[in-house]
There are 2 protein chains.
Amino acid sequence: MNGKQANIDSVFHALGDSTRRAMMERLSEGPMTVSRLAEPLSITLAAVVQHLQVLEECGLVKTEKHGRVRTCRIEPGGLAVAREWIDKRRTSWEERLDRLDVLLAEPE
Amino acid sequence: MNGKQANIDSVFHALGDSTRRAMMERLSEGPMTVSRLAEPLSITLAAVVQHLQVLEECGLVKTEKHGRVRTCRIEPGGLAVAREWIDKRRTSWEERLDRLDVLLAEPE
DNA sequence: ATAATAGTTAAGTATGTACTTGAGTATTAT
DNA sequence: ATAATACTCAAGTACATACTTAACTATTAT
């Protein structure tokens, strides 16, 4: 299975869109239906469904349909793929600078 | 200040491209010149420079030119913006998962 | 049965993006 | 001085993407 390695590309690609990140932020507060998820977004429901497909295909979101209602929730571990990649790129010297006080000490 | 908020968008957008992530991976091993950074990539130097501009504008990479050579290095703290966003979402769903039974019973 | 709801799907458009080529500049080597 | 190096910049192209509209299906309500 190349699922995880192939995924890292699609996960970052998915997170590269601000609308999809907004959807993730919303879903991080709890599961909800497609139309409820669409409410604060100023795009059509069809567009939301398309974004949802992207998020689902890369494993960031899981959905299930009961009756005519589809419920969406964040897939635990999906974001971990992205987090792991970021953590690998941080060298020991970067880890230190990750703290605010060190950032402030850095000249422009 | 929405400076940081505006950045989060460009940072994730930058990381959404696999070539740019490959460049970040390379640079995480240490600073190097533009042409050396371009070596393993099967694209023109001009394209690499364009990617470099994207990475620099969003604060993931810093470069400085000495003579005719431009040296690139990872900007400490740039990746932290992305990491913090992810961690915020992760915390949220972890909290929710602690009360999964409540979620399942959640009405409309 | 009829209507309303919730989502789905296809097709088209418009803009963005990654990439190339080709010509240019500034710096270093001979 | 001439040539090679290390980029830099502008313009164009091909493809990806976010989005819309409009017609459709399936489920629930009246």
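**A walk through two protein chains and a DNA strand**

Let's begin with helix α2 of chain B, which covers residues 18-27 and has B:Arg20, B:Arg21, B:Met23, B:Met24 and B:Leu27 as buried residues. Looking down the axis of α2(B), you would find these buried residues within an arc of 155°, so they line one face of the helix. Please keep in mind that this is a predicted model. At the N-terminal end of α2(B), B:Asp17 acts as a cap: one of its side-chain oxygens lies 3.0 Å from the backbone nitrogen of B:Thr19.

Helix α2 of chain B also brings us to the DNA. A side-chain N or O atom of B:Arg20 is 2.9 Å from a phosphate oxygen of DNA strand C. The elements giving two or more residues to the surface near this strand are, from chain B, α2 and α4 (45-57), and from chain A, α3 (34-38), α4 (45-57) and β3 (69-74).

Which residues come nearest to DNA strand C? There are 23 residues around the strand, and the nearest are A:Ser35, A:Arg68, A:Arg70, B:Gln50 and B:His51. On the DNA side, sugar and phosphate make up 68% of the strand C atoms that come within 4 Å of the protein. One contact with a phosphate belongs to A:Arg70, where a polar side-chain atom lies 2.4 Å from a phosphate oxygen of DNA strand C. A base takes part as well: a polar side-chain atom of B:Arg68 lies 3.2 Å from a base oxygen of DNA strand C. If you sort the residues of the surface near DNA strand C by type, you get eight nonpolar, nine polar and six charged.

Now let's turn to charged pairs within the protein. Side chains of opposite charge can pair when their charged atoms come close. Over all chains, the whole structure holds eight salt bridges. In one of them, A:Asp9 pairs with B:Arg21, and their closest N and O atoms are 2.6 Å apart. This pair crosses between chains, going from helix α1 (residues 3-15) of chain A, home of A:Asp9, to helix α2 of chain B, home of B:Arg21. Is each partner buried or exposed? A:Asp9 is partly exposed, with a relative accessible area of 34%, while B:Arg21 is buried, with a relative accessible area of 4%.

Next, look at A:Arg21 and B:Asp9, which form a salt bridge with their closest N and O atoms 2.6 Å apart. Here A:Arg21 sits in helix α2 (residues 18-27) of chain A and B:Asp9 in helix α1 (residues 3-15) of chain B, so the pair joins two chains. A:Arg21 counts as buried at 4% relative accessibility, and B:Asp9 is partly exposed with a relative accessible area of 32%.

Another salt bridge joins the side chains of A:Arg83 and B:Asp87, at 2.6 Å from N to O. It runs between chains, from A:Arg83 in helix α5 (residues 78-89) of chain A to B:Asp87 in helix α5 (residues 78-97) of chain B. B:Asp87 is buried, its relative accessible area being 18%; the limit for that label is under 20%. These two residues also belong to a network of salt bridges that links A:Arg83, A:Asp87, A:Arg90, B:Arg83 and B:Asp87.

Finally, what about the cysteines? The structure has zero disulfides over all chains. A:Cys58 counts as buried at 2% relative accessibility, and B:Cys72 is buried with a relative accessible area of 0%.

How values were computed. Residues numbered from 1 in each chain as written. Chains lettered and ligands numbered in written order. Predicted model: local features only at pLDDT ≥ 70, side-chain atom pairs only at ≥ 80, totals over all residues. Heavy atoms only, no water. Buried < 20%, exposed > 50% of the residue type's maximum accessible area, 1.4 Å probe, protein only. Helix = DSSP H or I, 4+ residues; strand = E, 2+ residues; numbered from the N terminus. Arc of directions from axis to C-beta. Polar contact = N/O pair within 3.5 Å; in protein donor to acceptor, adjacent residues only side chain to side chain. Near = heavy atom within 4 Å. Nonpolar A, V, L, I, M, F, W, Y, C, P; charged D, E, K, R; others polar. Salt bridge = Lys/Arg side-chain N within 4 Å of Asp/Glu carboxyl O. Disulfide = S-S within 2.5 Å.
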